[in-house]
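Please open the model in your viewer and keep the sequence at hand. The tour proceeds by selections, each followed by a note on what is found there.

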Amino acid sequence: MKPTDAEVAKPFVEATKHVLSMMAQVDPTAGKPYVKKGSSAAGDVSAVVGLAGDKHGSISLSFSKKCAIAIVKNMLGDDIVDIIQDAKDAVGEITNMISGQARAGLSQLGLNLQASTPTVIFGDNHTISHVTSGPVIAIPFTTEFGDFTLEFCFE
């Protein structure tokens with residue numbers, strides 16, 4: 001039996017909430033998932049992780065500048081050296097951790113996946129290319145520090 005989009009989305013939502021609250025003291029609220037049209041990123045800093053195994057696909061997180069900076073400050077405290085580089089590193093690391101936790105949840109649904117190293121994209125109006133032709137499911141999140149969007153898709 002093939003898991004539904006809602007069942008597949010749940011481990012991503014749970015992993016996102018858990019990782020951000022543990023690592024950055026951020027408590028995100030998930031909005032209503034939707035099928036994304038186009039490839040424009042929702043935010044200013046994004047990380048993409050390719051997935052392979054039982055299915056091929058990818059996951060991405062795209063943060064507003066404000067939200068990314070708050071996460072970096074919460075993760076690093078006063079140890080920020082270069083906010084741009086630190087934001088790239090933090091967004092990549094957070095995405096990697098969410099990907100790992102989500103994959104653990106997906107394995108309970110019978111989907112065993114391996115992940116690539118995150119690719120981080122930074123800048124206004126950038127695009128995200130997912131590796132599949134299937135629909136991209138986007139889940140918007142809000143936090144007290146700004147918004148971000150999680151996207152995933154599978155072949």
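Which residue of β4 is the bridge partner of Leu51? Select Leu51 together with Gly57, for Gly57 is that partner. Please bear in mind throughout that this is a predicted model.

Next, widen the selection to strand β3, residues 45–53, and to β4. The two strands run antiparallel and are joined by 7 bridges. Between them lie 3 residues, and together β3 and β4 form a hairpin.

Now select β4 alone, residues 57–63. All 7 of its 7 residues are buried. In a regular strand, side chains alternate between the two faces of the sheet. One side of β4 carries Gly57, Ile59, Leu61 and Phe63, while Ser58, Ser60 and Ser62 lie on the other, and both faces are covered.

Add strand β8, residues 146–154, to the view. This strand pairs with β4 in the antiparallel sense over 7 bridges. To locate one of the paired positions, select Ser62 and its bridge partner in β8, Thr149.

Turn then to the largest nonpolar core, which has 33 residues. Select Phe12, Phe63, Leu150 and Phe152, the residues that touch the most other members. Elements supplying at least two residues each to this core include β3, β4, β7 (137–143) and β8, as well as the helices α1 (5–24), α2 (65–76) and α3 (83–107). The most is given by α1, with 8 residues.

Finally, centre the view on Phe12. Beyond its neighbours within four places in sequence, Phe12 is in contact with Ile59, Ile98, Ala102, Leu106, Leu150, Phe152 and Phe154.

Terms used: Residues numbered from 1 in each chain as written. Predicted model: local features only at pLDDT ≥ 70, side-chain atom pairs only at ≥ 80, totals over all residues. Heavy atoms only, no water. Buried < 20%, exposed > 50% of the residue type's maximum accessible area, 1.4 Å probe, protein only. Helix = DSSP H or I, 4+ residues; strand = E, 2+ residues; numbered from the N terminus. Pairing = 2+ DSSP bridges. Core = buried A, V, L, I, M, F, W, Y, C linked by side-chain atoms within 4.5 Å. Contact = heavy atoms within 4.5 Å.
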